[in-house]
Amino acid sequence: MFQEAPQRPEQYRRFERETPGWFRDAKLGVFVHWGPYSVPAWAEPTGTSGTIDPDRFFLHNPYAEWYFNTIRIAGSPAAEHHREVYGDAPYDDFLDQWTAEDFDAADLMELVAATGAGYFVPTTKHHDGVTLWDAPGTGDRNTVHRGPRRDLVDELGVAARAAGVRFGVYYSGGLDWHVGSTPPIVDVQSFGVRPVDRAYADYAHDHVADLIARYRPDVLWGDIEWPDAGKAEGPKSLVSLFESFYAANPEGVVNDRWGETHWDFRTSEYQHGGAVEGGEMWENTRGIGYSFGYNQLDDESTSLSGPEAISHFVDVVSRGGNLLLNIGLTAEGTVPDLQRRTLVELAEWNSANGPSVFGSTPVAAELAKPGETPWVRWTRTGDQLHAFVRTTETAPALTVDTARVDPRSARFADGAPASVTITGEGVVVGMPAAGASVPVQVTFDLRSA
């Protein structure tokens, strides 16, 4: 599904542009998957994307938001679970059971904003085809007319902007299991079977055009692909959608999952698609657990702890990327306790270390080198280099060019001076405490030229 960047088709070259600075500087976004799949909230926690045999992935899918697909695969554990618990009830029953009774968009955004996230992206239509607003052509198969009976996209957008966070929209253009007679995806070969006709292209176009007009998003986050009939220039085409998007928001950004047409940034997913991580602007996305949608089977063994999320965030930023970290809301509209704890711990760490992460740039290896033993990553802001060290050692060695970096300037995030000894390859730093589970920041000044 992820490939090296191809040559952009001619009609999309008009959109080649520098990725806006706000997006490069944001570093952290929060993704939210929420839909009828949050009612069964069930998937096998088999592993993270990119670590599972592709031929087994769909049969044993760890993504709870794929429940509608997985229960249609004969013999899958999800199908057996569905039969035992719900008696083969139709998937759309979950739309009516989805209450969102405890959902408070302002409360959610208070949590999101505390992390320092620069943008927020909720799903507006996932592959099940249910829309979280009164999308054109959906009849009553949306959250305004059934289930929550609320325009959830509007509530989230208003709350995000009130909290000072840029607002994006996720839209699944390539897959819609409710359209036509799309068979279940059972393996890599059948992954390419999707609606590609003119009727579906117009239907999807009208949805995205409505999202742009109503909510003026800052991020247009497509997924899987786009119907082939809607890719070429003309009325109700992707070209016209991108024109409308940039006209409404010149500082807006588009991801790379619109059928290899146009993008402002590339995307990887968990460990899948890592080849795009470098060069062009990129973003890694993953859930706190193995699933994007809330999965009741995810537990501490399958979920990022606060320290693990912090380390992953720092690693992504040090290599020039953004992290889009996902939470899956419950059917009632709350953040699961495990996921909330991780976000709170990330927020606490960012409140102390964020100035050296947000708005930073990567550090050239000839200036300072990352490493695994000890674990260290580097960022740069202005004339300062920041080492983030996670180690059990009391005096870890860091590889740094002491001819260009002043060891005497070493200090921790709170400004306290760090004890440093110069070595042949760099410096040894006296850590404030042994066995830190989160990265400890050590800042150095660059020497004057």
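**Cores**

I started with the largest nonpolar core of this predicted model. It holds 68 residues, and I asked which of them touch the most other members. They are W98, F103, L108, F120, L220 and F242. I then checked which element supplies the largest share of this core. Helix α9, residues 238–248, does so with seven residues.

I followed W98 outward. Leaving out residues up to four places away in sequence, W98 touches W34, G35, P36 and V39. It also touches V130, L132, T143, G147, P148 and L152, and finally A331.

I noted another core, lying apart from the largest one. This one has 34 residues, including W42, F57, I71 and A78.

**Second largest pocket**

I looked up the volume of the second largest pocket next. The space in it comes to about 180 Å³. What lines it? I listed R8, F15, E16, R17, E18, T19 and R24 from the lining, and also H262, W263, D264, E280 and M281. By type, the lining of this pocket has seven charged residues, three nonpolar and two polar.

**D256**

I went to D256 because two of its contacts, H262 and W263, had just come up, and I wanted to know whether D256 is buried or exposed. It is buried, at 9% relative accessible area. The limit for buried is under 20%, so D256 falls inside it. D256 sits in the loop between β5 (253–254) and β6 (266–269). Setting aside neighbours within four places in sequence, I found D256 in contact with H262, W263, F265, R266 and T267. H262 and W263 are also among the residues that line the second largest pocket.

I also checked D256 against W221. They are 35 residues apart in sequence. In space, their C-alpha atoms are 8.1 Å apart.

**N284**

Where does N284 lie? I placed it in strand β7, residues 282–287. N284 is buried, with a relative accessible area of 1%. Not counting residues up to four places away in sequence, N284 touches S268, E269, Y270 and E277. H312, V316, N322, L323 and L324 are on its contact list too.

I took one distance here. N284 and G274 are ten residues apart along the chain, and their C-alpha atoms are separated by 8.5 Å.

**Open sheet**

I traced an open sheet of five strands. The order is β9-β10-β11-β16-β13, with antiparallel pairing. Which strands are at the edges? They are β9 (371–372) and β13 (405–412), and each pairs on one side only.

I then worked around β16. Strand β11, residues 384–390, runs antiparallel to β16, residues 440–446, and six bridges join them. Within this pair, V389 stands opposite V440. H386 stands opposite T443.

On the β13 side, I counted four bridges to β16, again in the antiparallel sense. The bridge partner of V405 in β16 is L446.

How many residues of β16 are buried? Six of its seven are, so β16 is largely enclosed by the rest of the structure. I kept one general point beside this: in a regular strand the side chains alternate between the two faces of the sheet.

**Backbone oddities**

I finished with the backbone. Most residues other than glycine have a negative phi, and most peptide bonds are trans. I noted three places that depart from this.

The peptide bond joining T373 and P374 is cis, with omega at about 0°. P374 is in the loop between β9 and β10 (375–381).

A41 is not a glycine, yet its phi is positive, at about 45°. I found A41 in the loop between β1 (28–33) and α2 (54–57). A41 is buried, with a relative accessible area of 3%.

K236 has a positive phi as well, near 55°. Its loop runs between β4 (219–223) and α9. Is K236 buried, exposed or partly exposed? At 33% relative accessibility, K236 counts as partly exposed.

Definitions and conventions:
Residues are numbered from 1 along each chain as its sequence is written. This is a predicted model: local features need pLDDT of at least 70, side-chain atom pairs count only at pLDDT 80 or more; totals for chains, interfaces and linings use all residues. Side-chain values use heavy atoms; hydrogens and water are left out. A nonpolar core is a set of buried Ala, Val, Leu, Ile, Met, Phe, Trp, Tyr and Cys residues joined through side-chain atoms within 4.5 Å. Buried means under 20% relative accessible area, exposed over 50%, partly exposed in between (1.4 Å probe, protein chains only). Helices (H or I, at least four residues) and strands (E, at least two) are DSSP runs, numbered from the N terminus. Contact means heavy atoms within 4.5 Å. On a 1 Å grid over the protein atoms alone, a cavity is a set of points where a 1.4 Å probe fits but cannot get out, and a pocket is an open set with protein on both sides within 12 Å along at least five of seven lines; lining residues have an atom within 4 Å of a point. Grid points are joined across faces, edges and corners, and a volume is the space filled by probe spheres set on the points. Ala, Val, Leu, Ile, Met, Phe, Trp, Tyr, Cys and Pro count as nonpolar, Asp, Glu, Lys and Arg as charged, and the others, Gly among them, as polar. Two strands pair if DSSP finds at least two bridges between them.
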